[in-house]
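Biologist: I'd like a close look at one part of this protein, the open sheet and the charged side chains around it. Could you walk me through that part, and then place it in the rest of the chain?

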Amino acid sequence: MDLKKGDVVFRKLGSDFIYLYKKDDCGNTFDEKKAELLGFMHGDGAFHKGEFKNHNKMWQLYTREGEGYYVELFKELCGFDKEPTLIYDSEKTEGVKVFLSCKSVDIKKFYNDDLCLTTCDKLRVPEIIFKSPQSVMRAYLRGVFQADGWSNDDCIGLTSISKQFVDDIAILLSFLGYDCSILKNRYFDRNPNEGHKVSYQVTIRKYFLEKFRKEVGFEYKQIESDSVSNWCKATMPKTDELVRLFRSVVSSRQELRDAGLGSLYDWTRKDRDNNISI
């Protein structure tokens, strides 16, 4: 049976698979620290197109003020022994500075596997991320979203010019139990003379924001724990069909609370989003 516009689709979020830590043929373990640094590099890093001797590859790490944690990770995991170089100091916005850290990294000493060390338009999530423990998956997402993510009162999102990368991030989020949606920025389709590439965006639905903040979070974009509930109310996108379905089963909000579903549904407000997936 084919789906059509207006259909309500229920799907499972999360996975029952359990993976162990992976080791490469050099004895290196791919753990949370390496996953988080790799995620940050995929968002705010660059890799030299060629390779040097002994499988070395030039890594360029770009950090802003307040992201010194990733410089320390870079020093610890890649042997970077210098201080970052200031390469940009905004004249318009006070406090916005960008620093560059460069290192010829021996992949065999980091993790000798396909880590997708490529240009941003060809970026994808490496297979090892999907086959690691969930704590490693969350660490990778924390690095990615710290580098290229954004947030507001309604959603958390990530933007990339790689459709494959956005698709992979959406799959990874679903694997960990977060519902999300993907959008395409069509502005440059309509304005090709602007010279920019088409970008894609993955956003986490509002109902799952508190869960994401607590389990993944941003290293330097955290909000106070006592304000999480105010920042993200437990509401969910809904459709008229789903409203009628709930009201045909229960007669009051109290019945939902008695069933342990009190935070699942908000009867009082209408969401702009007309789609739901659970």
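Modeller: Here is a walk through the sheet, then its charged pairs, and then the wider protein. Keep in mind that this is a predicted model.

Let's start with the layout. The sheet is open and has four strands, in the order S3-S4-S6-S5, with antiparallel pairing. Its edges are S3 (45-47) and S5, and each of these pairs on one side only. On average, neighbouring strands here are turned by 25 degrees against each other, if you ignore direction.

Now the pairings themselves. Strand S4 covers residues 56-64 and strand S6 covers residues 97-106; the two run antiparallel and are joined by nine bridges. If you want to trace that pairing by eye, find Tyr62, whose bridge partner in S6 is Leu100. Then go to Arg64, which stands opposite Val98 in S6. S6 also pairs with strand S5 (residues 85-89), again antiparallel, through four bridges. There you can use Asp89 as a marker, as it stands opposite Lys97 in S6.

A helix belongs in this picture too. Helix H2, residues 68-78, lies across S4 and S6 and runs at about 160 degrees to S4.

On to the charges. As a general point, side chains of opposite charge can pair when their charged atoms come close. Arg64 is worth a second visit here: its side chain meets that of Glu67 in a salt bridge, 3.0 Å from N to O. The two partners sit in unlike surroundings, since Glu67 is buried at 3% relative accessible area, while Arg64 comes out at 30% and counts as partly exposed. Another salt bridge brings together the side chains of Glu83 and Lys75, at 2.9 Å from N to O. Glu83 is exposed, with a relative accessible area of 57%.

Further along the chain, Arg205 forms a salt bridge with Asp179, and their closest N and O atoms are 3.0 Å apart. Arg205 lies in the loop between strand S10 (199-204) and helix H8 (209-215), and Asp179 in the loop between helix H6 (163-175) and strand S9 (180-185), so this pair ties together parts that are 26 residues apart in sequence. Both Arg205 and Asp179 are buried. Back with Arg64, salt bridges that share partners join Asp44, Arg64 and Glu67 into one network. The full count of salt bridges is 13.

Since you work at the bench, you may wonder about the cysteines. The structure holds zero disulfides. Among the cysteines, Cys116 sits in the loop between helix H3 (107-110) and helix H4 (127-130). Cys116 has a positive phi of about 55 degrees although it is not a glycine. With a relative accessible area of 3%, Cys116 is buried. Cys180 is also buried, at 10% relative accessibility, whereas Cys120 is partly exposed, at 48%.

Finally, the wider setting. The protein has 11 helices and 10 strands, and buried residues make up 41% of its 278 residues. Take the contacts between residues at least 6 apart in sequence: 68% of them join residues at least 24 apart. The protein exposes about 15,900 Å², and carbon and sulfur atoms supply 49% of that area.

Terms used: Residues are numbered from 1 along each chain as its sequence is written. This is a predicted model: local features need pLDDT of at least 70, side-chain atom pairs count only at pLDDT 80 or more; totals for chains, interfaces and linings use all residues. Side-chain values use heavy atoms; hydrogens and water are left out. A disulfide is a pair of cysteine sulfur atoms within 2.5 Å. Buried means under 20% relative accessible area, exposed over 50%, partly exposed in between (1.4 Å probe, protein chains only). Two strands pair if DSSP finds at least two bridges between them. Contact means heavy atoms within 4.5 Å. Accessible areas come from the Shrake-Rupley method with a 1.4 Å probe; for residues, only the protein chains shown count as cover. Axes are lines fitted to C-alpha atoms, for helices over the stretch in contact, and angles run from 0 to 180 degrees between N-to-C directions. A salt bridge is a side-chain nitrogen of Lys or Arg within 4 Å of a carboxyl oxygen of Asp or Glu.
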